[in-house]
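Let's take a friendly walk through a protein model together. Have the sequence and the structure ready, and follow along as we go.

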Amino acid sequence: MSQTLLHWSLLAAQLMLGLAFLCASWRVARGPRAQDRVVGLDTLYVNGMLLLLTFGIRSGTDIYFEIALVIALLGFVSTAALAKFLMRGEVIE
Amino acid sequence: MRMLLPHPLLSLSLFVLWLLLNQTVAPGPALLGLAVALIGGWMLKRIRSARLRVRRPLVALRLAGVVAVDILRSNIGVAQVIMGRRKKRHSGFIHIPLSLRDPRGLAALAVILTATPGTAWVEYDPEEGWLLLHILDLVDEEEWVRTVKHRYEQPLMEIFP
Amino acid sequence: MNHAAELPLLVAVPVAVLLLVGAALALTGSIGLLKLRSFYERLHAPTIGTSCGMSCILLASMLFFSVLQSRLVVHEILIGFLLIVTTPVTLMLVGRAALHRDRLEGSHKVPPSARPEDHAAAAQSDG
């Protein structure tokens, strides 16, 4: 009983997160400006991380947690670097 | 004590972080975590000497509770805006004069305002203390200025004098 | 999915609800990123996913693994703490970069400075 319940709720959650992933990718692809793409990329990272956590619950192993932690860290560093670039790159031009 | 633990709060959080990462309280990892916590505190002391002191722990706890409730409430509000429940909506920038000057208090205020969906910290003018805030669902400008000043700035000024 | 067979229903229901609510909130945030019209409005959307959406899914994971391994599994708090601290920083950085770029282009949709205009004018006439 609890197995089927978890199976279907995990499936629904993963579908929703996948859809969220697509929305964020659309914003990254379409822009229209560089800052929109950066915000989209940040959201993409968070959605990917949440998706990995649901995969962790599905498989029952801890390994996904560590991947999620690394993604959370890398997402912050890359977004901060991109934001810095947006400020600096424009000043030099 | 000051020599050994120049930043007790930072050392404590490093220690807890280490234990959480290792998922154990066995003596071996705990001892290693203690070393990490102490060395972390010393390293921060070399970088900057100003020490974080939370003056009013009770006020800080109350503020944390208020912020948690506000985040929950504005989550629902912004979700309604996105789902198109409110047709007549107007977003815009507002200017808020701040009297808070402590850099750590300002950092805390920035995190609170940006973590709450619906308000985003955009710019701060350190000379006269003007804050530029973007608000998704702007109804009454005065109301927002009062909310930020009373709800968040007042307790933060007590915590970081 | 066999490992979940011995999970009591009393735990499975809250885990399922938390997962669904968290995923729905994350989806709402991403839809907002798609639907809202201006950049500064879109800046608000991702915070839904990183505040409540993230907390719900982390709570579900903590509850699930704690019951499954019959010990306290709380290391998800690390991710939560990390996201709560870093999201405002990145959004502030991106917001400031966008403001800077808009001002360089001479856009009239953004205020010229953090000071209100009457104050800025008063300061200029004084100087």
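Helix α4 of chain C, residues 76-104, has 29 residues, and at 1.5 Å a residue it should span 42 Å; its end C-alpha atoms are indeed 42 Å apart, so expectation and model agree. That expected span is 1.5 Å times one less than the number of residues. Helices here are DSSP runs of H or I with at least four residues, strands are runs of E with at least two, and both are numbered from the N terminus.

This is a predicted model, in which local features need pLDDT of at least 70, side-chain atom pairs count only at pLDDT 80 or more, and totals for chains, interfaces and linings use all residues. Residues are numbered from 1 along each chain as its sequence is written, chains are lettered from A and ligands numbered from 1 in the order in which they are written, and side-chain values use heavy atoms, without hydrogens and water.

Back to α4(C): at T86(C) the helix bends by about 25°. A bend is the angle between axes fitted to the seven residues ending at a residue and the seven starting there. A proline, P88(C), follows within four residues of T86(C). After the helix comes G106(C), with a positive phi near 75°.

Now to chain A. An unreviewed UniProt entry places the feature "transmembrane region" at residues 6-26, 38-57 and 63-87; such annotations may be inferred rather than shown by experiment. Here is how two of these spans look in the model.

| Span in chain A | Helix | Strand | Distance between end C-alpha atoms |
|---|---|---|---|
| Residues 6-26 | 100% | 0% | 30 Å |
| Residues 38-57 | 100% | 0% | 29 Å |

How many cavities of 30 Å³ or more does the structure hold? There are three. A cavity is a set of points, on a 1 Å grid over the protein atoms alone, where a 1.4 Å probe fits but cannot get out, and lining residues have an atom within 4 Å of a point. The volume is the space filled by probe spheres set on the points.

The largest cavity holds about 90 Å³. T86(C), where α4(C) bends, is among its lining residues, along with D42(A) and V46(A). At least two lining residues come from each of α2 (34-59) and α3 (63-92) of chain A and α4 of chain C.

The second largest cavity has a volume of about 60 Å³. Its lining also includes D42(A) and V46(A), and α2(A) gives the largest share, five residues.

Technical notes: On a 1 Å grid over the protein atoms alone, a cavity is a set of points where a 1.4 Å probe fits but cannot get out, and a pocket is an open set with protein on both sides within 12 Å along at least five of seven lines; lining residues have an atom within 4 Å of a point.
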